[in-house]
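Visitor: I should like a close look at a single part of this protein, namely its salt bridges, together with the setting in which they are placed. Please treat the matter in one connected account.

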Amino acid sequence: MGRRTLEAVLVDFSGAERARQEHDYVWPEPEFISRVGRASLDGFFRQCEQQAGAEISGIGVGTPFFLGGWSGELGFPADLGKTWSKVDPGTLFTRGIDYPVFVANDASAAALAELSFGVGVGLRDFMHISIDTLVGGGLVQNGKLLTGPHGNGAALGPLPVSPSAISPAPAGGTRLLHRASGITLIDHLARNGITVDRIGAVASHVDSQAVDAWLEDCSQALVEAILAITSVVDIRAVVLDCVLPERLGLKLVNLVQTQFGRAPTDGIVPPTIVAGTFGARAGSIGAAALPLAALLDTNSTTPLTLRQADHRLAYSQPGG
């Protein structure tokens, strides 16, 4: 579940989608999300019942931590964070369902999608960077997704970067999320007389100078972030993925590759920068991969500790 869209997917062991449903909203309201998400699950259960030999291995929930946070940047109600602090994502859709439930940060889930079914299959040490409504990351080392003691590892949004150089200057501060996220693109376009309400609508403006200026600025911020990341963590690759239209996503990857090639890399081993496989689908595919990874024990270092009583995750959302 994202800040603007709920995606429900049914996947098989190869990662192929057998069913998908999407629900858009202005902001994530728990009651609505619970209702439509449960309806999607019920439809998936019926679909499996009609297929001989099909079984559900579990349910994965990918969610941004601090889901009601950043309300000023996102235009959410000020009390939304407090509302979400009382919600357990592990039970939001699954009351009365006797399947194991796994919860992970959505950006970590996107990294798991690449590790399980995408370009990450051939990589054992990489940082996955997801540009969505905001920006997040997932760290994979030695073939394992590492999420840290709070499940919030590789949270790249707050990473400090230099001020933006584009004009008019974007709203916000000097964090990666203020230069490399969907909301900054939408804000930048609005400041240049182009109104879009969702990132997908940018497809109608792929050739505009405003989009090109944002791509240049975003790529420069990402290069700063990659230099910071590789100064701390030794990785072989950076997998860069986003919810932008495919043409713009590939252009962004090319810009980052070019600009990183010009950056000073003394003291680090420069990682290869590659495009992700799944685009906007990465988080949902990765969430669906959570029970498969647990079942196959391919991700044993991820802190997914199951409660003995009800098979659900002990889940905590840092800071509410």
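Guide: The account below begins with the chain as a whole, turns to the salt bridges, and then considers the cores and some individual residues.

The model is a predicted one. Its chain contains eight helices and nine strands. For 320 residues, a compact globule would have a radius of gyration near 20 Å, and the 19 Å of this chain agrees with that expectation. Along the principal axes, the C-alpha atoms fill a box of roughly 55 × 40 × 35 Å. Buried residues account for 51% of the 320. Of the contacts with a separation of 6 or more, 69% are between residues 24 or more positions apart. The chain exposes about 14,300 Å², of which carbon and sulfur atoms supply 51%.

The salt bridges number 11. One of them joins Arg-20 to Glu-7, with the closest N and O atoms 2.8 Å apart. Because Arg-20 belongs to strand E2 and Glu-7 to strand E1, this pair ties together parts that are 13 residues apart in sequence. Arg-20 is partly exposed, at a relative accessible area of 25%, and Glu-7 is also partly exposed, with a relative accessibility of 25%. Arg-20 has a further partner in Glu-22, where the closest N and O atoms are 3.0 Å apart. Glu-22 has 48% relative accessibility and therefore counts as partly exposed, since the exposed class begins over 50%.

Another bridge links Arg-179 with Glu-224, and here the closest N and O atoms are 3.6 Å apart. Arg-179 lies in the loop between E7 and H5, whereas Glu-224 lies in helix H6, so the pair ties together parts that are 45 residues apart in sequence. The two partners fall into separate classes of accessibility: Arg-179 is buried at 3%, while Glu-224 is partly exposed at 29%. Through shared partners, salt bridges also join Glu-7, Glu-17, Arg-20, Glu-22 and Arg-281 into one network.

The loop between strands E1 (5–11) and E2 (17–24) holds Phe-13. Phe-13 counts as exposed because its relative accessibility is 52%. Together with Leu-295 and Leu-296, Phe-13 makes a nonpolar surface patch of about 340 Å².

The nonpolar interior provides the counterpart to these charged pairs. The largest nonpolar core has 72 residues, and those touching the most other members are Met-1, Ile-129, Ile-131, Leu-176, Leu-222, Leu-244 and Leu-252. Helix H6 (residues 209–232) gives this core its largest share, 11 residues. Leaving aside residues up to four places away in sequence, Ile-129 touches ten-odd positions that need not be listed in full, among them Val-135, Leu-156, Leu-222, Ile-226 and Leu-240. A second, separate core of 13 residues includes Phe-102, Ala-111, Leu-145 and Leu-290.

Helix H1 (residues 30–49) contains Gly-37, which is buried at a relative accessible area of 7%. Beyond residues up to four places away in sequence, Gly-37 touches Leu-6 and Phe-93.

Two backbone positions complete the account. Most residues other than glycine have a negative phi. Asn-142, in the loop between strand E6 (135–141) and strand E7 (144–146), nevertheless has a positive phi of about 55°. Ala-154 likewise has a positive phi, of about 60°, and is placed in the loop between E7 and helix H5 (182–191).

Methods: Residues numbered from 1 in each chain as written. Predicted model: local features only at pLDDT ≥ 70, side-chain atom pairs only at ≥ 80, totals over all residues. Heavy atoms only, no water. Patch = residues over 30% accessible without salt bridge, like charges linked within 9 Å, V, L, I, M, F, W, Y side chains within 5 Å. Areas by Shrake-Rupley, 256 points an atom, 1.4 Å probe, with all protein chains shown as cover. Salt bridge = Lys/Arg side-chain N within 4 Å of Asp/Glu carboxyl O. Helix = DSSP H or I, 4+ residues; strand = E, 2+ residues; numbered from the N terminus. Buried < 20%, exposed > 50% of the residue type's maximum accessible area, 1.4 Å probe, protein only. Rg over C-alpha atoms; globule rule 2.2 N^0.38 Å. Contact = heavy atoms within 4.5 Å. Core = buried A, V, L, I, M, F, W, Y, C linked by side-chain atoms within 4.5 Å.
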